[in-house]
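Open the model in your viewer and keep the selection panel at hand. This tour says what to pick next and what is there.

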Amino acid sequence: GSVTRHEGVPGHHLERYNAKRKYLQSHPDIVRGYNSYREGWALYSESLINVNRDISKAPRLLDDRINFYSDELGVLLSNLIRSVRLVIDVGINSIQYKMSYKDVFNFMKSVLPEPDTVIEIEILRAINEPGKLLAYKMGELIILELRKIWLSKGRNIKQFHREILFM
């Protein structure tokens, strides 16, 4: 659920489709090159499905409760993983909070239900791309703040999404 929304529609696939369809035809790629925009939109789009979520509206593939709770569990697990990524990005790349590889590994092992190989990949990702994991969350938070301002003025949420996608 969560990964599908992040990578598919309304996440990266929709954002990149719109970029190619309209913006890139006549303008250089300026904003869309930034991780905070692309990943921020993808994280934000995950939350679009969860707005006003109700068990009575859950898809009926098996049992309503199983589908609803398994999807919600996936969202919670994704949020946990991303929260841990924020900690390790700062911890392993910051001079002030310098954590060793072993410290980061032990921290992740204590909070994530992931095998050692996945944890090692996450650590290498944080080392090789400093700040990228923070950019994801910052982009999402900026989009959420812009949405709050937009809606406080009585504007339409669909138009907000169009504006963000075609900025």
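## Whole chain

Colour by secondary structure and start at the N terminus: the elements run α-α-α-α-α-α-α-α. That is eight helices and zero strands. Keep in mind that this is a predicted model. The chain has 167 residues, and 34% of them count as buried. Now turn on contacts between residues at least 6 apart in sequence: 59% of these join residues at least 24 apart.

## Stop 1: serine 45

Select helix α3, residues 35-50; serine 45 lies in it. Is serine 45 buried or exposed? Its relative accessibility is 0%, under the 20% cut-off, so serine 45 counts as buried. Next, show its side chain. The side chain of serine 45 reaches the backbone oxygen of alanine 42 at 2.7 Å.

## Stop 2: α5 against α6

Select α5 (residues 101-111) and α6 (residues 116-128). Their axes are 10 Å apart, and the helices pack at an angle of about 130°. Angles over 115 and up to 145 degrees fall outside the parallel, perpendicular and antiparallel ranges, so α5 is oblique to α6. The crossing of α5 past α6 is right-handed.

Now show side chains at the contact. From α5, pick Tyr101, Val104, Phe105, Met108 and Lys109. They meet Asp116, Ile119, Glu120, Glu122, Ile123 and Ile127 of α6. By class, this contact of α5 with α6 has seven nonpolar, four charged and no polar residues.

## Stop 3: asparagine 128

Stay on α6 and select asparagine 128, which is found in this helix. Asparagine 128 has a relative accessibility of 61%, over the 50% cut-off, so it counts as exposed. Add asparagine 93 and draw a C-alpha to C-alpha distance to asparagine 128: it reads 9.7 Å. In sequence, the two asparagines are 35 residues apart.

## Stop 4: α7 against α8

Move on to α7 (residues 132-152) and α8 (residues 157-165). What is the angle at which α7 and α8 pack? It is about 135°, with the axes 10 Å apart. That angle makes α7 oblique to α8. The crossing of α7 and α8 is right-handed.

Show the side chains here too. In α7, select Ile143, Leu146, Arg147, Trp150 and Leu151. Their partners in α8 are Ile157, Gln159, Phe160, Glu163 and Ile164. The residues of this contact of α7 with α8 divide into seven nonpolar, one polar and two charged.

Note on methods. Residues numbered from 1 in each chain as written. Predicted model: local features only at pLDDT ≥ 70, side-chain atom pairs only at ≥ 80, totals over all residues. Heavy atoms only, no water. Axes fitted to C-alpha atoms, helices over the stretch in contact; angles between N-to-C directions. Helix = DSSP H or I, 4+ residues; strand = E, 2+ residues; numbered from the N terminus. Parallel < 35°, antiparallel > 145°, perpendicular 65-115°, else oblique. Left-handed = near helix turned anticlockwise from the far one by under 90°. Contact = heavy atoms within 4.5 Å. Nonpolar A, V, L, I, M, F, W, Y, C, P; charged D, E, K, R; others polar. Buried < 20%, exposed > 50% of the residue type's maximum accessible area, 1.4 Å probe, protein only. Polar contact = N/O pair within 3.5 Å; in protein donor to acceptor, adjacent residues only side chain to side chain.
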